[in-house]
Amino acid sequence: MTILSVSNVGISFGADELFKNITFTVAEGERWGIIGRNGVGKTSIFNVITGDLVPTVGSVARKPGLRHALLDQHRAFEGATTVWEAGAAAWREVMALEQRIAEQALELGAMGENVTDQFLERFGHDQERFADMGGYVYHARVDAVLQGLGFDAEESKTRLVSSLSGGERGRVGLAAQLIAPADLLLLDEPTNHLDLDTTTWLQEWLKEANESVIVVSHDRAFLDAICTNILHVEAGTSESYKGNYSQFVPQRAERRLTRERELEKQRAYVKKEQDYIMRNIAGVNSFQAKGKRKRLERLPRLAPPPGDPAAMTLQLDIAERGGDQVVAVDNLRVEVPGRVLVDGFTAVLRRNDFVALVGPNGAGKTSFISTLLGDRPPASGGTRIGGSITAAWFRQDLADLPLNQSLSDAINGQRPLWNRGQVQNHLGAFGFTGEEVFREIRSLSGGERARVALALISLTRANLLVLDEPTNHLDVENIEVLEDALSDYEGTVLLVSHDRAFLREVATRVWAFEGTRLVDFDGPFTEWEAVVAARG
């Protein structure tokens with residue numbers, strides 16, 4: 001049964017058209033992935049589905065009574081004191097009824113034989129309504145989702161929302177969305193605050209759930225695992241495909257090739273007919289030439305296959321080769337106040353290693369990196385960066401970007417001898433053109449800031465790249481560009497990411513957190529995944 005139909009929807013803001021002819025139909029149980037470059041309007045499609053944004057043209061038909069759940073981006077959790085209450089936010093009416101039934105039960109015991117038929121009728125009605133509203137199953141659902149997303153369900157009943165970090169608030173918001181009674185889940189980048197284990201849990205939960213799902217994500221492994229359909233938003237419109245992300249890629253290529261062939265065939269036909277018309281319009285075959293001209297005028301012309309602006313161009317060069325021992329780690333202990341993160345780790349980061357640093361959220365990956373690079377002192381043990389090693393660090397929070405500078409000034413800071421044309425050419429390779437190069441970095445979106453950070457790192461010509469969640473704000477096309485650049489990179493890489501497709505593509509070695517122990521697995525990420533899966 002169809003639960004949602006979006007037909008020829010277009011959104012314009014004044015003279016600016018965001019997209020047009022967005023068309024797709026969602027049936028019960030289908031899981032759709034919406035993909036496309038940053039800024040094409042994926043979140044606006046969600047707002048059209050929920051009714052928060054009225055289409056300029058086109059229509060949206062929803063199954064009567066359709067219930068949807070959309071992640072609250074503000075994560076205010078109004079009225080919730082504890083994590084458990086925040087997760088169960090959509091069940092407040094049921095919780096209030098549960099409290100009322102508990103109070104009625106106490107009253108019933110106190111009344112004894114004096115209980116009235118009216119009281120019993122109201123008590124029975126409330127119990128029946130409680131059951132119909134899912135009152136006997138919601139507790140287990142809240143516990144299961146919070147546990148799956150990395151929270152202790154019992155501890156969550158007393159843990160205060162005010163104590164949560166930004167990433168934890170994101171996970172509680174996702175939990176509230178999954179726990180809410182809904183027919184359609186609208187998930188906007190749900191894996192952004194999840195580690196590898198919780199992402200795997202979310203995949204299994206969505207595959208086993210009864211709800212239909214529409215997800216915006218750049219996580220290709222996640223899209224592969226859950227999607228039954230793909231909506232590709234490109235060049236101001238959309239096309240739908242059956243299957244997951246890996247099945248979408250060859251289908252899109254085949255459609256493009258077919259359209260290019262049809263376009264070439266039509267162009268050849270038009271040229272042939274125009275040549276005939278020019279030769280015969282004034283001759284003995286004038287009647288036939290005029291007929292051909294009329295038919296050409298009525299011929300619907302095929303358009304070239306749509307295409308978005310090109311993805312960024314990224315080349316990662318090194319200034320010098322550097323030594324074979326890039327970083328030597330000796331019995332390293334890393335601590336934060338009241339807690340040991342890493343204890344007794346010894347390893348050597350070798351030239352040309354591409355190491356994936358993996359572990360649950362909060363394990364201490366960023367603190368470990370900071371200690372490794374000498375930004376913070378170790379509790380004991382030590383690290384030594386090899387001779388002729390220059391490191392460049394892509395920080396997860398992008399905190400080292402000069403926010404008060406323009407893009408142009410930031411590049412000039414690293415290349416003071418470059419003229420304006422050279423600066424603009426470099427920024428153009430990362431998708432910034434024209435007057436955009438004079439924008440202040442503080443005004444940029446997350447994806448734009450990530451591209452600026454990569455533009456700056458590419459100028460360092462460092463032979464050690466430390467990349468902490470570099471794909472978080474990049475769309476799929478730019479993630480693939482980063483993969484290609486790393487495949488040609490001749491230096492060493494230490495990489496933190498929850499994007500499994502990315503890790504499978506580039507990581508040749510794994511450092512994995514197991515409590516305070518950091519395990520050195522000398523093999524590619526795919527082999528490490530197999531070992532972990534076999535271990536159960």
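## Close-up views of a predicted model

**Figure 1. Lys290 in helix α10.** Lys290 belongs to helix α10, which covers residues 286-298. The model shown in this and the following views is predicted. Because its relative accessibility is 42%, Lys290 counts as partly exposed. Together with Arg293, Lys294, Arg295 and Arg298, Lys290 forms a positive patch on the surface. Membership of such a patch requires over 30% relative accessible area and no salt bridge.

**Figure 2. The whole protein chain, for orientation.** The chain has 536 residues, of which 45% are buried. Its secondary structure comprises 17 helices and 18 strands. The C-alpha trace extends about 115 × 75 × 45 Å along its principal axes. About 26,100 Å² of the chain is exposed, and 49% of this area comes from carbon and sulfur atoms. Of the contacts between residues at least 6 apart in sequence, 69% join residues at least 24 apart. The chain carries 58 positive and 74 negative charges, and the mean positions of these two sets lie 10 Å apart.

**Figure 3. Helix α11 and the residue Gly374.** Helix α11 runs over residues 365-372 and is mostly covered, with six of its eight residues buried. The buried residues are Lys365, Phe368, Ile369, Ser370, Thr371 and Leu372. Gly374 comes just after α11 and adopts a positive phi of about 85°.

**Figure 4. Surroundings of Arg220 in helix α8.** Arg220 is part of helix α8, residues 220-226. The relative accessible area of Arg220 is 7%, so this residue is buried; the cut-off for buried is under 20%. Leaving aside residues up to four places away in sequence, Arg220 touches the acidic residues Glu480, Glu483 and Asp499. Its other contacts on that count are Tyr245, Val476, Ile479, Ala501 and Phe502.

**Figure 5. Gly87 and the residues packed against it in sequence-distant positions.** Gly87 lies in helix α2, which spans residues 83-87. With a relative accessibility of 0%, Gly87 counts as buried. Residues touched by Gly87, not counting those up to four places away in sequence, are Val172, Ala175, Ala176 and Ile179. For Gly87 and Leu174, the C-alpha to C-alpha distance is 8.3 Å, while their separation in sequence is 87 residues.

Technical notes: Residues numbered from 1 in each chain as written. Predicted model: local features only at pLDDT ≥ 70, side-chain atom pairs only at ≥ 80, totals over all residues. Heavy atoms only, no water. Patch = residues over 30% accessible without salt bridge, like charges linked within 9 Å, V, L, I, M, F, W, Y side chains within 5 Å. Areas by Shrake-Rupley, 256 points an atom, 1.4 Å probe, with all protein chains shown as cover. Salt bridge = Lys/Arg side-chain N within 4 Å of Asp/Glu carboxyl O. Charge placed at Lys NZ, Arg CZ, Asp CG, Glu CD. Helix = DSSP H or I, 4+ residues; strand = E, 2+ residues; numbered from the N terminus. Buried < 20%, exposed > 50% of the residue type's maximum accessible area, 1.4 Å probe, protein only. Contact = heavy atoms within 4.5 Å.
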